[in-house]
Amino acid sequence: MPDPMRIRANMAGDKVEVRVLMAHEMETGLRKDANGKLVPAHFIQNVTVAHEGKTVLAAQWGTSISKNPFLHFRFKGGKPGDKVKITWVDNKGETRSDEATIAAAG
Amino acid sequence: MRALIMAAGAAALAVCAAAPAQDKDVTQREIERYRELLAEGNPADLAEAKGEELWKTMRGPKQASLERCDLGLGPGVVKGAYARLPRWFADTGRVQDLESRLVTCMVTLQGFTEDEAKKNPFSAPGRPSPIEDIATYVAGASKGMTFDPPLRHPKELEAFRTGEELFYRRAGPHDFSCATCHGDEGKRIRLQDLPKLTDPKEAQKVFTSWPAYRVSQGSVRTMQHRLYDCYWQMRHPQLDYVSEASIDLQVFMAKYASGGTVEAPGLKR
Amino acid sequence: MRSAILLAACAALLAGCTTPPPEDDARRQAQGAFERSFTHGNKEMFARVVGQDDVQALCSRWRNRPPADVAERIRKSQAATLVYPADGKLMGDWRQGEKIAEDGFGLRFTDTNQPKRPNGGNCYACHQLAPHEVSYGTLGPSLYRFGRTRGSSEAIQRYVYGKVYNPEAFTACSGMPRFGLHQVLTPEQIRHVVALLLDPESPVNQ
């Protein structure tokens, strides 16, 4: 199974500030290994963020996103104690979901 | 959201574009900015989380975790242990750094052979290194503490003297020693600043921030890897993992780094 | 009383003969530690680093700051190693010199898989040379416009060739490799580097 994400979610004024670090190789498909063979592309394609079950962010990603992507965003309507769930799916169909609880102003 | 990612991408581009800038201060500033952008999400955090998980996982022939590992402050004490390493250990009768101590625990607690424990010290794409992640976790548990290895035991003092000789030992087709690059202040190789490791001000900053995520390698690297990589540049053969020389050199550097604050896991070029 | 002094003197003498000064002891320890720390790598490479020649041993011992007499000894012994091309031609092609100056390839343990690729000189790692290359190091002095201020007489050509061949002949315990003596660069390559520094057409001298 893919490695867990690191999620930090806390109130910033009336918004929720979320920082997510995802563990992923994000292979572009253009890199060659030590033997000169192309390493197949392997990257996150879809990211969704749900706040208490409701999608607040959906993104389509490609190979221009770096290895171990870092995502930082804010959304309105959350409060301390609510849950934020982040899910990614990559081009091989592998997926990972992690959840965090919104903390008070951090 | 997309705007934010674009902004991050643009910042990364800006760094690339700025690298050959004539004005060194501009280059330095851009590197600092890049570091600040990444510091919020230092990918070393991922290694730290994985390492914590591995620390508690039953592994090896004995199906044991590392939770009883004695890193110098007693069995199972992780917090603060890295700030007191390297040090002499009575059970092995040797001075050990973090990574060699982890090897010891993998052998004694988990039943790995020494060769097995040392087999995969540095990760590569698609090939994670458990000991690298565990080292990152243990070091991170001393973050913010004062770096204060004991350096009192006769064997520790002996390791310091040996390390000092090794630091200045010139050899090979290029006549290089550690001191070639790290003996004077204010120098750089290409655009990379080189710390003078016998200057406490500089040693305190750099020595205490390993393991670190190295952006150029896309991976966490440990102090053992730093030394291995230095000897590679010095046109020496491959330095053995957790070898005597690697530990003695760390004891030598640790003395000058004493009094600094542990900033592991760090973020480096 | 008198015999006690004599005894003490004898003991001191004996001690002087049998107990090495502590720094020698540390050096022996370090040599042992070194030999036990590179056991899994390339054996030929190990053979090149396990021993030290006089220059390496003296410069290690004096922490690269040798006293005047030692420095003189090093310069003399190393001046005797200088070999200049038999045809007397010391200047090559600065364009090739520029490539050599940029190239850090060679003699690292991962470089053995490209046996035919020539070594680089990696001059930019430590020196400023042509102004268009802004990624230069500062371990050595800037060589920008080196030839412009010194000309390209035969004397200066000989100096530069010799300096790249074996810098220890000029500055004892220099941080610079002995590119010629240790066959890191070929005589042909050194000529190109000389041209990079001295040719009036070289970008270094613009």
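How much area do chain B and chain C bury between them, and what percentage of it is on carbon and sulfur atoms? The answer is about 4400 Å², with 53% of it on carbon and sulfur atoms. Keep in mind that this is a predicted model.

Let's start with who touches whom. There are 2 pairs of chains that touch, and the pair with the most contacts is chains B and C. Chain A and chain C have no contact joining them; their closest C-alpha atoms are 11 Å apart.

Now zoom in on where B meets C. Here 43 residues of chain B are in contact with 55 residues of chain C. On the chain B side, three arginines lose the most area to chain C: Arg169(B), Arg170(B) and Arg190(B), which together make up 20% of what that side buries.

What about charges and polar groups? The interface of chain B and chain C holds 6 salt bridges. Arg36(C), for instance, forms a salt bridge with Glu244(B), and their closest N and O atoms sit 2.5 Å apart. There are also 28 residue pairs in polar contact between chain B and chain C, counting pairs with both residues at pLDDT 80 or more.

Which parts of chain B supply the side that touches chain C? Helices α7 (154–168), α8 (178–182), α10 (223–233) and α11 (244–257) each give at least two residues, and so does strand β3 (187–189). The largest share, 7 residues, comes from α7(B).

Next, the empty spaces. A search of the whole structure turns up 2 cavities of 30 Å³ or more. The largest cavity holds about 100 Å³ of space. It is lined by 13 residues, and the closest to its centre are Tyr82(B), Leu98(B), Glu99(B), Met223(B) and Gln250(B).

Then there is the second largest pocket, with about 490 Å³ of space. Its lining has 25 residues, and those nearest its centre are Lys118(B), Asp240(B), Tyr241(B), Val242(B) and His40(C), so to speak a guest list from both chains. The elements of chain B that give two or more residues to this lining are β2 (94–96), α4 (98–108) and α5 (114–118), and α4(B) provides the largest share, 5 residues.

Here is how the residues split by class:

| Group of residues | Nonpolar | Polar | Charged |
|---|---|---|---|
| Side of chain B that touches chain C | 18 residues | 10 residues | 15 residues |
| Lining of the largest cavity | 9 residues | 2 residues | 2 residues |
| Lining of the second largest pocket | 8 residues | 9 residues | 8 residues |

Note on methods. Residues numbered from 1 in each chain as written. Chains lettered and ligands numbered in written order. Predicted model: local features only at pLDDT ≥ 70, side-chain atom pairs only at ≥ 80, totals over all residues. Heavy atoms only, no water. Contact = heavy atoms within 4.5 Å. 1 Å grid on protein atoms, 1.4 Å probe; cavity = no way out; pocket = protein on both sides within 12 Å on 5 of 7 lines; lining within 4 Å. Points joined across faces, edges and corners; volume = space filled by probe spheres on them. Nonpolar A, V, L, I, M, F, W, Y, C, P; charged D, E, K, R; others polar. Buried area = accessible area lost by both parts, 1.4 Å probe. Salt bridge = Lys/Arg side-chain N within 4 Å of Asp/Glu carboxyl O. Polar contact = N/O pair within 3.5 Å; in protein donor to acceptor, adjacent residues only side chain to side chain. Helix = DSSP H or I, 4+ residues; strand = E, 2+ residues; numbered from the N terminus.
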